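Please read the points below with the model open. They go from one residue outward to the whole chain.

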Amino acid sequence: MKVRIKFRKYGALKFIGHLDVMRYFQKAMRRAQIPVAFTSGYSPHMIMSFASPLGIGLTSDGEYFDIELTRPISSREAVERLNAVGVEGIEVISFRQIPEDRKSSGMAIVAAADYLVYHKESMFPEAWKGLEQQFLAEPAVMVWKKTKRSEKEVDILPMIYRLEMQDRGIFMQVAAGSEQNLKPGLVMKAFCEFAGGVFQEAKYQFHRLEMYADTGRKERRLVSLESLGTEILNP
């Protein structure tokens with residue numbers, strides 16, 4: 001049985017990296033006595049894959065990873081057990097069964113993510129309201145984007161699906177995943193420059209709200225990774 005786990009990451013734990021989050025959940029699984037499956041061979045390890053690792057310094061309400069179970073356990077019991085052995089800064093939200101095939105894994109299907117960007121010291125300028133629509137109406141938004149091997153100039157506009165000023169900050173929905181992946185910091189840098197401001201990344205807090213799969217064929221149809229799973233009742 002394959003299961004998708006959704007969790008929050010907040011507070012001081014925003015400063016721990018992806019490998020530390022993996023180790024945290026490996027220990028939490030053991031302490032909570034979740035019947036997670038291991039690989040075979042001389043060096044067995046938990047079968048666990050994360051949808052899209054969160055960058056250091058970012059907080060989130062919508063993180064996901066998939067595991068395999070050796071036997072069923074109810075969703076409610078699993079969530080209670082994991083949170084009982086957890087620490088402040090990470091909270092498990094849901095524990096849902098997903099299809100067995102590899103194409104359904106979170107790592108393979110994630111296509112977009114929502115973010116909310118706050119200014120740590122003040123509110124965003126009132127003059128910025130309405131500029132987001134002008135920004136999205138530009139013919140192109142060229143930025144220098146780092147890859148694993150080099151740095152190249154790309155048009156990020158097709159990867160920005162939504163951008164709007166809200167009372168709490170700037171909301172954006174951008175491409176995410178293995179095919180296309182756009183960091184919210186790049187969007188903010190481009191938007192600040194478009195608005196005539198100076199971008200200082202340390203002054204912003206980036207909060208991931210949700211991650212999505214694209215289930216559309218011809219047109220984009222985004223659904224949350226959580227909604228693709230089903231609650232496990234009393235097994």
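1. Tryptophan 128 touches Met165, Ile170, Phe191, Cys192, Ala195 and Tyr204, leaving aside residues up to four places away in sequence. The model is a predicted one, and the contacts of this tryptophan should be read as such.

2. Trp128 belongs to the largest nonpolar core, a set of 43 residues. Trp128, Ile156, Ile170, Met188 and Tyr204 have the most contacts inside this core. Two or more residues each come from β5 (110–119), α4 (131–136), β8 (160–165), β9 (170–175), α5 (184–194) and β10 (204–214). The largest contribution is that of α5, with 6 residues. A second core, separate from this one, has 26 residues, including Val3, Met29, Leu82 and Ile90. As a general matter, nonpolar side chains in soluble globular proteins tend to be buried together.

3. Leu82 of the second core lies in helix α2, residues 75–84, where Ser75, Ala78, Val79 and Leu82 are buried. These four are on the same side of α2, because they cover an arc of only 95° around the axis. Arg76 and Ala84, on the other side of α2, are exposed. What do the buried residues of α2 pack against? Their partners are β1 (2–9), α1 (18–31), β4 (90–98) and β12 (230–231).

4. Helix α1 can be read in a similar way. It has 14 residues, and the distance from its first C-alpha to its last is 20 Å, close to the 20 Å expected at 1.5 Å a residue. Val21, Tyr24, Phe25, Ala28 and Met29 are its buried residues. The arc they cover around the axis is only 135°, so they are on the same side of α1. Leu19, Arg30 and Arg31 are exposed on the face of α1 turned away from the buried side. The buried residues of α1 pack against β1, β2, β3 (59–68), α2 and β4. Met29 is also one of the residues of the second core.

5. Glutamine 33 deserves a separate check. Just after α1, this residue takes a positive phi of about 55°, and glutamine 33 is not a glycine. Most residues other than glycine have a negative phi. Where is glutamine 33 found? Its place is the loop between α1 and β2 (48–50). Is glutamine 33 buried or exposed? With a relative accessible area of 58%, glutamine 33 counts as exposed, because the cut-off for exposed is over 50%.

6. Strands β6 (residues 142–146) and β7 (residues 151–155) pair in the antiparallel sense, with 5 bridges. A hairpin of 4 residues joins β6 to β7. Lysine 146 has glutamate 151, in β7, as its bridge partner.

7. Some values describe the whole protein. There are 5 helices and 12 strands in it. Its C-alpha atoms fill a box of roughly 55 × 40 × 35 Å along the principal axes. The radius of gyration is 19 Å, which agrees with the value near 18 Å for a compact globule of 235 residues. Of these 235 residues, 47% count as buried. Among contacts with a separation of 6 or more, 71% are between residues 24 or more positions apart.

Conventions:
Residues numbered from 1 in each chain as written. Predicted model: local features only at pLDDT ≥ 70, side-chain atom pairs only at ≥ 80, totals over all residues. Heavy atoms only, no water. Buried < 20%, exposed > 50% of the residue type's maximum accessible area, 1.4 Å probe, protein only. Arc of directions from axis to C-beta. Contact = heavy atoms within 4.5 Å. Pairing = 2+ DSSP bridges. Core = buried A, V, L, I, M, F, W, Y, C linked by side-chain atoms within 4.5 Å. Expected span 1.5 Å × (residues − 1). Rg over C-alpha atoms; globule rule 2.2 N^0.38 Å.
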